[in-house]
Amino acid sequence: MKRALIWLPLGLFGVLFAVVAAGLMRPADTAIHSTLVDKPLPSFRLGPMVPGKPGLASSDFASGKPRLLNVFASWCIPCIAEAPQLMALKARGVPIDAIAIHDKGPAIAAFLRRNGDPYGAIGDDSRSRVQMALGSSGVPETFLIDGHGRIVRQYIGDIRADQVDQIVRDWAAAR
Amino acid sequence: MIAEAGLAALWFAAMLAALQLLLGVLALRRKDAAGEQAMAAIGPVAIVQGALVAIAMAALIAVFLNTDLSVKLVAENSHSAKPWIYKFAGAWGNHEGSMLLWVTILGAGGALVAWKERTLDRPTHVATLAAQGAIALGFYAFLLFASNPFARLNPAPIEGQGLNPLLQDPGLAFHPPTLYAGYVGLSVAFSFAVGALVTGQVGPAFARAMRPWVLGAWVLLTIGITAGSYWAYYELGWGGWWFWDPVENASLMPWLAATALLHSVNVLAARDGLRAWTVMLAVVAFSMSMIGTFLVRSGILTSVHAFAVDPRRGAFILALLGIYIGGALALFGARIGQVRAGRSFAFVSREGGLVVNNLLLSVILGIVLIGTLYPLVAAGFGVRLSVGPPFFHAAAGPIALALVAVMAVGPALRWRSDEAEAVLIRMLWPMVAAAGTFALMLTLTGGMGMLSLLGLSFGVGLIVASVLPITRRNWRRTPLPIWGMVVAHVGLGVSMIGMACDSAFTAERLVALYPGQATIVGPWRVKLDRIYPNVGPNWSALEARLTATRDGDGATLRPQQRFFTDPPTTTSESAIATRWDGQLYTVLGQQDAATGRWQLRLWWKPFVTLIWLGGALIALGGLLALVGRWFKAWQQRRREALWG
């Protein structure tokens, strides 16, 4: 018994070492898993932001075809960076709608004139209530919603050029 | 030039550490003239090594104070606009600098052991120095090959990236060096244990040699942890004082082992008992220090405290851990059989109580370790979770209460053998005090949680039990170490009362106010007078002026939302009003864009300061014991010198 007790600490250390070494070897898991994936879009109805473009409601996403929902603002710098990617997505046939947070119509109109307008509809989320309900914590973020109003993917941060192909694939798979 | 001098000093120190190890091996294995020379040389080598690494540390501090931006570390972590005290403290506010601080204390420890240790037999002394050199060697290698603090940056940037504003605080200048001195002070105990295992000389002489190191390191760890907790409390603005964050746990685990060790070493020194326990705990304590260092630098655990390091460095440290801890534990297994068992004792006795003490502390240590590593193990199985206060309170809370009960009884137990009935009679007053507090609080206050209620009652019982040993003694003739024990145990009781009051009686209010409006929190009425801008050396802020009043008492508080530019960060500076019966803690939040009201978070925390006052008392108790023993040793030497 005493012998076992004497070697016990070394044994425990061996186990600890193995656990930690395994932890080190595993590649760092930096993906953020959205908890809203597979959940239905929260219900909302937002007024229009700019003249000539309709506002946005959650019911618009139950049309049977998957759509992208982009959260942006005119004062958001990374949104300028991702604008070309959004135009590219629109050119490849992916429908995109948006909600604009903490913003005003004229500023959004100016932003769209400068950076291009890939959006079908833009909802006025001035109090960022819908953004919060979506679990989004910043701009820009983009959600892929399937034809039945369920959230399929969440892309946090500006969409980079190398992500465009993947998003098109995801959108195609969501049909 | 200074940076290169520092790097050169570091290399030389590393080479001396290797020499120290070789000399030790030579001295122990050869009994001839070469062995004799090695034995004579190892002391001076250790002293010079300590001096050299101290020069390296001084060089790093110098380049930070000069804001030498051609040194990569300075460019990444400092800024010319920073106040000098934070430039100074910035030297260790990063991974490489803090590792250099680690080896500096390691080297200084070895130097002190070489210089000052006189009572230990020569072979064990030499083995200890060799072990210290071996440990230093591994960490020097890590610094020189994987974490060079003196790396240059060419071309030098115009300005540094700044120090994390959360760290620009007086607490920073104070908390890490104290803590590190504690961690690495335990390395000396580890080296003593390894030395004693090598030579087989585990006895009272070994314990007496090791004791001041254990006490000193433990006192510093206690101060470091207490200071760290208070700093987190007022700096982070959450009103909490312990978050069971991996880095906090990394400091708690060596402390738990060191507490058990310091009790064990006393038994070994006084009664020649608990030999195996003492050696094992000495190995475990520094092992926990090293594991803690590894956990926060390898990136395997996320933590608010963690240095930004990569897995390659983690692998290096893990390899060092494997060699040192595995080696020491293997040595223990192989050699402890040679060490004869010390004097035996009955179960109901002071020694028996201390064995139970050791066991309970080890269990708590195990619980904290498991809780800290559990997320890592779970992630291996694809389960993502975090382990927080609910687990630690539920698992460690009851064990801690049992430990407090043993602490209360311990000093009243006689050495060697005692009678259970007699002990129970001695415990009458503490039990009455605890039961009385329990009943009183149960009737006076409604919703006190069971853990808080028991914590409060046991804390009171512990204080009464702790002063019992001196109530019947002549206070002026009571040895200082006994006072140390009393003060430290009372300190823990005081801390527990503070913790229980904080968790049970804290009143919290989260409000949004217009300037001019007031709200109530606890017994206080707090009015938001106005919000205005303020400015500091490297920050600007929005400050709130709050007027707080209660029966015949008032306070003005100025919490801030502070904005730094390098790096761009916003911090919340809480404002605290301290009274004898608690603290009013205020935090300013954001302004609501729609209504223009300001968010305020207010807490009234009764008796929360007892937590850190208790911590300070615990450290003071240890200090009294340390001073007491030094004084006694000094008196002894004087007496011998006078009377021959």
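Guide: A residue is called buried when its relative accessible area is under 20%, exposed when it is over 50%, and partly exposed in between (1.4 Å probe, protein chains only). This is a predicted model, in which local features need pLDDT of at least 70 and side-chain atom pairs count only at pLDDT 80 or more, while totals for chains, interfaces and linings use all residues. Residues are numbered from 1 along each chain as its sequence is written, chains are lettered from A and ligands numbered from 1 in the order of writing, and side-chain values use heavy atoms, without hydrogens and water.

Visitor: What makes Arg92(A) count as buried, exposed or partly exposed?

Guide: Arg92(A) has a relative accessibility of 43%, which falls between 20% and 50%, so the term for it is partly exposed. Asp165(A) is judged in the same manner, and at 41% it too counts as partly exposed.

Visitor: Why is the pairing of Arg92(A) with Asp165(A) called a salt bridge?

Guide: The name asks for a side-chain nitrogen of Lys or Arg within 4 Å of a carboxyl oxygen of Asp or Glu, and in this pair the closest N and O atoms are 2.8 Å apart, so the name applies. Arg92(A) sits in the loop between α2 (77-91) and β4 (96-101) of chain A, and Asp165(A) belongs to helix α5 (residues 164-173) of that chain, so the pair ties together parts that are 73 residues apart in sequence. A helix here is a DSSP run of H or I with at least four residues and a strand a run of E with at least two, numbered from the N terminus.

Visitor: How many salt bridges are there over all chains, and which pair in chain B involves Lys605(B)?

Guide: The count comes to 19 over all chains. Among them, the side chains of Lys605(B) and Asp502(B) meet with N and O 3.0 Å apart. Lys605(B) is part of strand β10 (residues 598-606) and Asp502(B) part of helix α17 (residues 480-505) of chain B, so this pair joins parts that are 103 residues apart in sequence. Lys605(B) and Asp502(B) are both buried. Elsewhere in chain B, salt bridges link Arg550(B), Asp553(B), Arg579(B) and Asp581(B) in a network.

Visitor: How do you know whether Asp272(B) is buried or exposed, and what is its phi?

Guide: The relative accessible area of Asp272(B) is 16%, which is under the limit, so Asp272(B) is buried. Its phi is near 55°, a positive value in a residue other than glycine. Asp272(B) lies in the loop between α9 (246-271) and α10 of chain B, and forms a salt bridge with Arg275(B) at 2.9 Å between the closest N and O atoms. Leu274(B) lies in the loop between α9 and α10 as well, has a positive phi of about 60° without being a glycine, and is buried with a relative accessible area of 8%.

Visitor: What makes the span of helix α5 (residues 95-116) of chain B close to the expected one?

Guide: The expected span is 1.5 Å times one less than the number of residues, which for the 22 residues of this helix comes to 32 Å, and from its first C-alpha to its last the helix reaches 31 Å. Of those 22 residues, 18 are buried, so α5(B) is described as mostly covered.

Visitor: How is the size of the interface between chain B and chain A known, and which elements of chain B take part?

Guide: Buried area is the accessible area (1.4 Å probe) that two parts lose on being put together, summed over both. For chain B and chain A this is about 1700 Å², 83% of it on carbon and sulfur atoms. The elements giving two or more residues to the side of chain B that touches chain A are α10 (275-297), α11 (311-335) and α12 (350-380) of chain B, and α11(B) supplies the largest share, 13 residues. That side divides into 19 nonpolar, 6 polar and 1 charged, where nonpolar means Ala, Val, Leu, Ile, Met, Phe, Trp, Tyr, Cys and Pro, charged means Asp, Glu, Lys and Arg, and polar means the others, Gly among them. Counting contact as heavy atoms within 4.5 Å, 26 residues come from chain B and 17 from chain A. Across this interface the rule finds 0 salt bridges.
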